[in-house]
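I opened a notebook page for this structure. These are my entries, in the order in which I looked things up.

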Amino acid sequence: MSNGWEESAQAWIDSQGEAGDFGRQWVMDAPMLARVTRRPFRRALDVGCGEGRFCRMLKARGIAAVGIDPAGALINRAWALDPDGDYRVEAAEAIGFDDGAFDLVVSYLSLIDIPDLATAIREMARVLAPGGTLLIANLAGYNSAADANGLGWVTLADGRRVHAMDDYLEERAAWIEWRGIRIRNWHRPLGTYMTLLLEQGLTLTHFAEPAAHGGDPVRQALYRRAPWFLMMEWTKP
């Protein structure tokens with residue numbers, strides 16, 4: 001069953017531009033890159049690389065980056081923007097590299113798109129070298145729970161604006177739409193991710209819920225009222 005990415009590829013490309021959307025440009029890029037630059041990584045795999053934006057950012061910092069994504073239209077765009085890059089049409093559940101091939105594996109807002117999360121995490125851990133880092137950015141659970149129920153920012157009877165969610169503990173898929181994009185995301189509680197990662201013998205070495213640090217002041221205020229995203233860094237013993 002399609003998850004909508006092939007059909008939504010052009011709308012996604014248009015929405016990202018060169019700088020990325022608000023959440024990437026003004027919330028997640030800086031803390032993700034801060035973790036990347038703490039160690040001299042040599043070879044990285046970006047799982048769910050989309051149009052290759054973060055791969056290009058890694059390459060600009062001297063890291064040999066490979067990007068994989070199941071959406072061929074997005075991989076084609078990655079090649080067009082970076083003809084010398086290494087981009088492949090592959091699913092996270094079946095990564096075509098040897099064990100321990102990378103000292104850095106990145107999932108930048110892609111776990112919510114993966115149907116078989118357990119297999120994908122097992123594959124990411126498999127291709128990670130001993131001592132290597134798995135760096136994850138993901139939607140916060142309250143955010144994906146809201147999307148899965150068609151909720152979000154609402155106005156209470158007393159005029160207050162709050163962010164509503166429901167059924168947080170219920171894992172489920174839902175179709176979401178914005179700016180001509182229609183994709184299927186999976187909501188999973190944080191405990192699901194933590195359990196699967198711990199089962200691979202990985203060690204949590206960093207956790208953060210970054211706030212917006214720039215951009216449009218109105219949007220920045222919304223992104224600072226609750227953690228929109230989370231970031232985790234795991235190390236393979």
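Entry one, the whole protein. I began with burial and found that 53% of the 237 residues of the protein count as buried. I noted beside this that the model is a predicted one. Next I listed the secondary structure: eight helices and eleven strands. For overall dimensions, I took the box filled by the C-alpha atoms along the principal axes, which is roughly 55 × 40 × 35 Å. I then checked the radius of gyration, which is 17 Å; a compact globule of 237 residues would have one near 18 Å, so the protein agrees with that expectation.

I also looked at how contacts are spread along the chain. Among contacts with a separation of 6 or more, 66% are between residues 24 or more positions apart. The accessible surface comes to about 10600 Å², and carbon and sulfur atoms hold 53% of this surface. I counted charges last: there are 25 positive and 31 negative side chains, with the centres of the two sets 5 Å apart.

Entry two, strand 11. How many of the residues of strand 11 are buried? I found seven of the seven in residues 229-235, so strand 11 is largely enclosed by the rest of the structure. I sorted its side chains by direction. Phe229, Met231, Glu233 and Thr235 point one way, while Leu230, Met232 and Trp234 point the other way. I noted that both sets are buried, and that Glu233 belongs to the first of those I listed.

Then I looked for the partners of strand 11. Strand 5, residues 128-139, pairs with strand 11 in the antiparallel sense over seven bridges. Strand 10, residues 203-208, also pairs with strand 11 in the antiparallel sense, over five bridges. Met232 appears in both pairings: Met232 is the bridge partner of Ile136 and the bridge partner of Phe207.

Entry three, Phe97. I located Phe97 in the loop between strand 3 (86-89) and strand 4 (102-108). Is Phe97 buried or exposed? Its relative accessible area is 11%, and the cut-off for buried is under 20%, so Phe97 counts as buried. I listed its contacts beyond the neighbours within four places in sequence: Arg43, Leu45, Val66, Ile68, Arg88, Glu90, Phe102, Arg126 and Val127. I looked up Val127 separately. Its C-alpha atom is 6.6 Å from that of Phe97, although the two are 30 residues apart along the chain.

Entry four, the hairpin of strands 6 and 7. Strand 6 (residues 152-155) and strand 7 (residues 161-164) pair in the antiparallel sense over four bridges. I checked one bridge and found that Gly152 has Ala164 of strand 7 as its partner. Five residues sit between the strands of this hairpin, and Gly159 has a positive phi near 95° there.

Entry five, positive phi outside glycine. I looked up Leu109, which is not a glycine yet has a positive phi of about 60°. Leu109 lies in the loop between strand 4 and helix 5 (117-127). With 10% relative accessibility, Leu109 is buried. I then turned to Asp167, where phi is positive as well, near 55°. Asp167 is in the loop between strand 7 and strand 8 (172-178). Its relative accessible area is 34%, and I entered Asp167 as partly exposed.

Methods:
Residues numbered from 1 in each chain as written. Predicted model: local features only at pLDDT ≥ 70, side-chain atom pairs only at ≥ 80, totals over all residues. Heavy atoms only, no water. Helix = DSSP H or I, 4+ residues; strand = E, 2+ residues; numbered from the N terminus. Buried < 20%, exposed > 50% of the residue type's maximum accessible area, 1.4 Å probe, protein only. Contact = heavy atoms within 4.5 Å. Pairing = 2+ DSSP bridges. Rg over C-alpha atoms; globule rule 2.2 N^0.38 Å. Areas by Shrake-Rupley, 256 points an atom, 1.4 Å probe, with all protein chains shown as cover. Lys, Arg positive; Asp, Glu negative; His and termini not counted. Charge placed at Lys NZ, Arg CZ, Asp CG, Glu CD.
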